[in-house]
Amino acid sequence: MANTVIKEERDVEIPTILPILPVRDMVIFPYMILPLFVGREISVKAIDHALATNRMVLLVTQKDINIETPSPEDLYRVGTVGSVLRVLKLSDGRLKILIQGLVKARVYRYTKTEAYYVGEIEKIVDEKPAELSVEVEALMRNIKEQMDKSVTLGKPLMPDIMVLIENMDDPGRLADLVASNLVLKAEQAQDLLETMNPITRLKKINDILNREVELLLVQQKIQSDAKGEIDKTQREYFLREQLKAIQRELGEIDEKMEEIQELRKKIEASKMSERVEKEALKQLKRLEKMHPDSAEAGTIRTYIDWLIELPWAKSTQDNLDLKGAKKVLDEDHYDLERVKERILEYLGVRKLKEKMKGPILCFVGPPGVGKTSLGKSIARSLGREFYRMSLGGMRDEAEIRGHRRTYVGALPGRIIQGIKTTGKNNPVFMLDEVDKIGMDFRGDPASALLEVLDPEQNFAFVDHYLGVPFDLSNVMFITTANLIDPIPSPLRDRMEIIPLSGYTSEEKLGIARNYLIPKQLKEHGITGKNIKINDSAVLQITSHFTREAGVRNLEREIANRCRKVARKIAEGKEKTYHISAKNLSKYLGVPKFLPEEEMEKDEVGVATGLAWTEAGGDIIYVEATTMKGKGHLTLTGHLGDVMKESAHAALSYIRSRAKHLGINTDLFSKNDIHIHVPAGATPKDGPSAGITMATAIASAFIGKPVSKSTAMTGEVTLRGRVLPIGGLKEKTLAAKRMGIRKVIIPRRNKKDLEDIPKYIKKGMEFVLVETMDEVLKNTLKDNKRKTKAK
């Protein structure tokens, strides 16, 4: 490609091939002189090449400023030829160059060299009119006036530039000069650069300038209004100060003494303890001797206000009507009998003994089971004030104990702030998410809570800001947590743990019927005449559209249906909408979750287990198969470490009992065994699948099928003992839901059967076992064609 030269009209030779200098977030116009910082390797090499030849580069704007190494597709095709006037190398390796735009040029082809791009270009010459028409001259004059007006309104522009603009007669050069001195977006500036007709370019510049002047006028008005407001405020302040000085001279008031007397009366009326009142009067005496405008006077005044506003002797009279309290609890929450019983017990004791310490309860359960709302319900049943404080993510000990008054902006801790907010010294105080407290260099909030939640200490709780004891023994503290393990054991020891397990489908149905549906109908402005949701639809939602222990998503799905019905009614389609399991998908779409399918027949090597999840109980199928090999054990199905260990323990037990079970011991060394738990994408872990795995392995080696109507749960030891498990209520419900009527459980879980409602146990058989031999006796069925592993 020949490097020919184009002769420019000012006798500047423009080569047809030039190195490309990509620029970001700006467009260079002809006749501009500006500094640029060059740091990218492709740009530095392009400048080096220009300095070694004719000092010229083609300045082309990037389409995307975030691209570090642009390709030809990332650059515009129209740019400006620039001449490098000066170069300064900086200490960090970058170059600072002074460059002047010469003429526009279009790139016809980009070519990649070793370190930078070069472009084959053609100079763009503006279309110059033979003579300026009246319209063009008027347009040019308007642009000059608008620029002058912009400068008057505060736009920063060098006087020399204004002189050049005033004396410019060439439409194209005037447009480029004005455009280079406006704050434009890169796309807007590139559009002006690519507009070849100077008259069209002038019209676009004129539109931009008109908007710029409007913006400057509005900006000036805003600044003027703000300044006027400040001046008015200052004037009023000086007048008030002068008025005070005049009144003091006339002896009409002594403002400071009046304030001191008012504070003294409030201290006496607040019924503080003797020690606290002594400290308050001491600080009041200090305030009396200080100048009212001093910084310390403001700090002391704030401290005294805190002491006065705390409810030292203000308490709520408890509602000791046990029947009324039970009615309130039943109105707000379905079931939860254990919690309700505990509150009624407290009321019963409180009725017999007037002075007693408030209980410290901890509700532990998955999200959405009603822990926080239960606290509100307890406060309503007792007739007390309610205050909620979230501990999730708290890391600063001062959030509990407060800051010392020596710090600027110090405040009491959130415990004292909550007491002040309620205005009573015996509220129901809920500490949410106690299992999510953090700890860092600012202290350990969990340790600070030890004093708050200890009935033997909290009668004299000292906040760092107050510096005097406050009695918290009348407060009923209720904490909530999703998990019990993250709570430090000393803190756990101070609380009465009340577990709230997930709701069964039948319980969710009762909650929806009695609470959620009426609530959502009210919130959406519709009534029971507009929508009828039958029980089958609610049960379908709980099993196919939500998978949770609580009822939050259930409430959202009910609200979803109510919204759709409300919209149809608002559109004039008023009628009664019946929603059942059959037409549910019309409102909620396809099901989000599908439960495990029931086995069709008894199979060898397949055992049915029961699992607990945060969404309640579920069944799992454990599959085991043998094949020729060397005795290797393969585990699949996204199993956790605990389940893997259970599988190894189960296999070891079966091998140790091979002779008793009628299994040839050579089979273990000549066959591999593969254990798989379906739904491999779902993580599985827990200590209750041991007997299920052992049963599947024994079935695979013996060749006897496992009864499909029997489910089991329990951990197995190497000696064959069956260990107890948790979540029996949820697991039993899962078995009943799948039509399983026989459930094998550890004998030591017999006590847990009492917690399972009778309607769940009805029609079910529970087999209590102590050893693995009893499990196999109740699960393996005789098969006429015995197929032992080879």
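Student: Which residue is the bridge partner of I17 in β8?

Tutor: That's E120. Keep in mind that we're looking at a predicted model here.

Student: What makes β3 and β8 count as paired strands?

Tutor: Pairing needs at least two bridges between the strands. Strand β3 (residues 17-23) shares three bridges with β8, in the antiparallel sense, so the pair meets that cut-off.

Student: How do you know that β7 pairs with β8 too?

Tutor: Go by the bridges again: seven of them join β7 (residues 95-112) to β8, and these strands run antiparallel. One of the partnerships is R106 with E122 of β8. β7 and β8 also form a hairpin, with four residues between them.

Student: Why is β8 called largely enclosed?

Tutor: Strand β8 covers residues 117-123, and five of its seven residues are buried, so the rest of the structure largely encloses it.

Student: Why is I541 called buried?

Tutor: Buried means under 20% relative accessible area. I541 comes out at 0%, so it qualifies. You'll find I541 in helix α18 (residues 535-544). Leaving aside residues up to four places away in sequence, I541 touches T546, L554, E557, R561, L584 and L588.

Student: How far apart are I541 and L509 in space?

Tutor: They sit 9.8 Å apart, C-alpha to C-alpha, with a separation of 32 residues in sequence.

Student: Now K742. How do you know that K742 has no salt bridge?

Tutor: Look at E765, the nearest side chain of opposite charge: it is 5.0 Å away from K742. A salt bridge has to be within 4 Å, so this pair doesn't count as one. K742 is buried all the same, and its place is in strand β27 (residues 742-746).

Student: What makes K742 and N778 a polar contact?

Tutor: A polar atom of the K742 side chain lies 3.3 Å from the backbone oxygen of N778. The limit is 3.5 Å, so the distance fits. Among the residues K742 touches beyond four places in sequence are S709, T710, A711 and V767.

Student: What is the average pLDDT of the protein?

Tutor: The average is 83, and 94% of the residues score at least 70.

Student: Where does pLDDT stay under 50?

Tutor: One stretch is residues 1-10, for which the model has 29 contacts beyond four places in sequence. Another is residues 784-790, with 13 such contacts. Where pLDDT is low, the predicted coordinates shouldn't be read in detail.

Methods
Residues numbered from 1 in each chain as written. Predicted model: local features only at pLDDT ≥ 70, side-chain atom pairs only at ≥ 80, totals over all residues. Heavy atoms only, no water. Buried < 20%, exposed > 50% of the residue type's maximum accessible area, 1.4 Å probe, protein only. Helix = DSSP H or I, 4+ residues; strand = E, 2+ residues; numbered from the N terminus. Lys, Arg positive; Asp, Glu negative; His and termini not counted. Polar contact = N/O pair within 3.5 Å; in protein donor to acceptor, adjacent residues only side chain to side chain. Contact = heavy atoms within 4.5 Å. pLDDT = per-residue confidence, 0-100.
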